[in-house]
Amino acid sequence: MAQPGQDAKFFQRGKIEELRSELQAAEAKDKKFVKRKTVLKRIVANITMGNDMSPLFNDVVQCLGTPLLEIKKMVYLYLISYGRSKPNQIHLVIPYFLQDVSDRNPLIRALTIRTMSYIPIPVVTEALTENLRHCLKDRDAYVRKTAAICVAKLYAADPRRAEKGGFVEMLRDLMLDSNATVVANAVAALSEIGDRQDGVIFKLNLATANKLLHALEESSEWGQIYILDSLLRYVPERHADAEQMAERIIVQLQHANSAVVLTTIKALLYLMNYMEDRRLIELCCRKMGPPLVTLLSSGPEVQYVALRNILLIIQRRPAVLKNDVKVFFCKYNDPIYVKLAKLEIMYRLARVENASEVLAELQEYATEVDIDFVRKAVRSIGRLAIKVEPAADKCIEALLSLLETKVSYVVQEAIIVIKDIFRRYPGKYEGVIPTLCGHLDLIDEPESKAAMVWILGQYANRIDNADELLDVLLDGFLNEAVEVQLALLTAAVKLFIYKSGLESAKELVHKVLKWATEDVDNPDLRDRGFMYWRMLAINPSVAGEIVLAEKPPITTDSDRMDRGALDQLLLHTGTIGSIYHKNPETFIRNAVGKALIDSPALNPNSRAVLVALPRPQLPDTPIVVAGPGPQEPSTQKSDTPPVASMSKPLPQPEEAADEEDQNNGVESDHEDVPSSRKPDDPYSSLGDAFRDYLTDRPQPITSANRQRHDDEDLLF
């Protein structure tokens, strides 16, 4: 065996002719195959460096006749790299494949079958089929576990051949194998096949699931991940079945591997949808907290994955970490992406009991040097004031102290959130408006400028020099961003309605309306200008009732994820979908979606927001294949429901929505009741318009003013 570091000399660019001549020379006088081994090492090293060694195909293949395992490994590695690119020469290797697949050494048998599965060429696939069937029944467990993975590769190359050959059924039998590694590989292969859009449906029954759990303790770490992940394919029919399975896997939360921990949490969250015992649900929630906290002591990359998963988990099960908000306080050396993720979790976990601690921490963050982090911290203070009413006074004091720093980006973020606080608590904090007006010279960003203009217009009757302040802001009207122009237009109209007797107000509104209708290209701004002009010209009193109509209070609770979508995302815990907070089928081609499946054991709250997965659209007309035989009548058309109806979520009970409003999504430790769909939300059609600040954008409580006419939302 070569000593470490001695193979570094092989990593030098070699010429094809030199390597070919050395291989040919090694055939003459090389009884111990030392020269041949050295040349093959150089070839493999060149492949590793990215050099093209395909011209040596015929010469390398001749080395397969060497009865030395180390040489066979290197030749098979070469074939994996260049086999599929040599379809006209691959027939030279088939005799060696057939010879090695019957070798007495199980390592050579497994290596051969593995290499054949990597070459998706018909002649190789045909030779692989029969030999793979024998290897799946091989007496050696190493060969069986390798053959199980090869079935998945065969299915990817030729699904029809794999199904006709009965390989899927043989994989199903391997799940009951006595060797735990074979069981894990069979589960992994079936999972990969089941995740294909054209693959078979992979489901587990209770007996098979229990047998998989028997193999769980003896499996390797990655085998445990495959087995735990496969439990999501088991749909409990009774509450007792789900509870018994949860009790058996909960011990895996103590595993040292973070991937095993996250997969166990995913399985527990799934099974909790089918459990009835409240004490066991509480126990699972308590047990999941410490492992998640432990993940935060890992490196920053693992921390970020854990934080993104925690953000999903606490929205569904707030009891998991409701008393651990201090764990998410930021450290000075945390990367910015970790700090931002922790900030979001701190806000989610904030309650009346810990609001003062969270506020003190946020105030400290607002004095940091990282601009993005400071902006997020200031915005979180405002969101905390909107979420926890008893803490609103202290939050306002904190924001006012931040205004005194005279730092531009801090002042602007504070003005944005103070505007939202005015909307949340009307008539309570208007005394701070003079302080805000004293910082107009620090405002230069569109969002903060629009917020300040809204404040000036909304409270123009309380600001003595509102007309002068607006006139200053109107100097660059035509060069402002659209959102600022819209805010200035509405503010000017409000000023005129409040102070219609002032000559300056008349001149101001006339100037703005003229700009909006004649000098601006944006259609939204122009249409709103015409609308205001006509309202003021026809009936100013009615215009005042519309423009100054009572605004609905806002809350940040509406930024919680829809319950059905949340249940779907939790089925992808520990995957890249949990980091993006998107279902994999939305960004991975040919990925198959997952959703909870209805059964008698599914709890009513989860059933109310059940998401039906859309199925592939079947052709409306029968497919006629030319050939002998009668044509069968198309009777299946009426049996298949249309895709559109299947993709709609189930209706939600009204009493569930009422209970959600009472719980407010914070103290509901177990089964949070589904939230309402908010059909009257004027912001619902904006999609990703707010981008990174989507979760920061407070939205109306539509239940308070459901009967309000839609025209009144035109100004928001």
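The paragraphs below lead from the whole chain to its aromatic rings and then to a patch on its surface.

The model is predicted, and its protein chain contains 34 helices and 2 strands. Of the 716 residues in the protein chain, 51% are buried, while the chain exposes about 35,100 Å², of which carbon and sulfur atoms supply 51%. Among contacts in the protein chain with a separation of 6 or more, 68% are between residues 24 or more positions apart.

Turning to the aromatic side chains, the count comes to 11 aromatic pairs. One of them joins Phe57 and Tyr78, whose ring centres are 6.2 Å apart with planes at 40°, and because an angle from 30 to 60 degrees is neither stacked nor edge-to-face, the pair is tilted. This pair links distant parts of the chain, since Phe57 belongs to helix H3 (residues 57–61) and Tyr78 to helix H4 (residues 69–82), 21 residues apart. Phe57 and Tyr78 are both buried, and together with Tyr82 they form one aromatic cluster. Trp454 and Tyr459 make an edge-to-face pair, with 6.2 Å from centre to centre and 85° between the planes; Trp454 is buried at a relative accessible area of 18%, and Tyr459 is buried at 8%.

Charged side chains also meet rings in this model: Lys153 lies over the face of Tyr118, 4.2 Å from the ring centre, and the charged end of Lys428 sits over the ring of Tyr425, at 5.4 Å from its centre.

On the surface, Ile576, Tyr580, Phe587 and Ile588 make a nonpolar patch of about 350 Å². Within this patch, Tyr580 is placed in helix H31 (residues 576–580) and is partly exposed, with a relative accessible area of 47%.

Technical notes
Residues numbered from 1 in each chain as written. Predicted model: local features only at pLDDT ≥ 70, side-chain atom pairs only at ≥ 80, totals over all residues. Heavy atoms only, no water. Patch = residues over 30% accessible without salt bridge, like charges linked within 9 Å, V, L, I, M, F, W, Y side chains within 5 Å. Areas by Shrake-Rupley, 256 points an atom, 1.4 Å probe, with all protein chains shown as cover. Salt bridge = Lys/Arg side-chain N within 4 Å of Asp/Glu carboxyl O. Helix = DSSP H or I, 4+ residues; strand = E, 2+ residues; numbered from the N terminus. Buried < 20%, exposed > 50% of the residue type's maximum accessible area, 1.4 Å probe, protein only. Contact = heavy atoms within 4.5 Å. Phe/Tyr/Trp six-rings, centres within 6.5 Å; stacked < 30°, edge-to-face > 60°. Lys NZ or Arg CZ within 6 Å of the ring centre and 35° of its normal.
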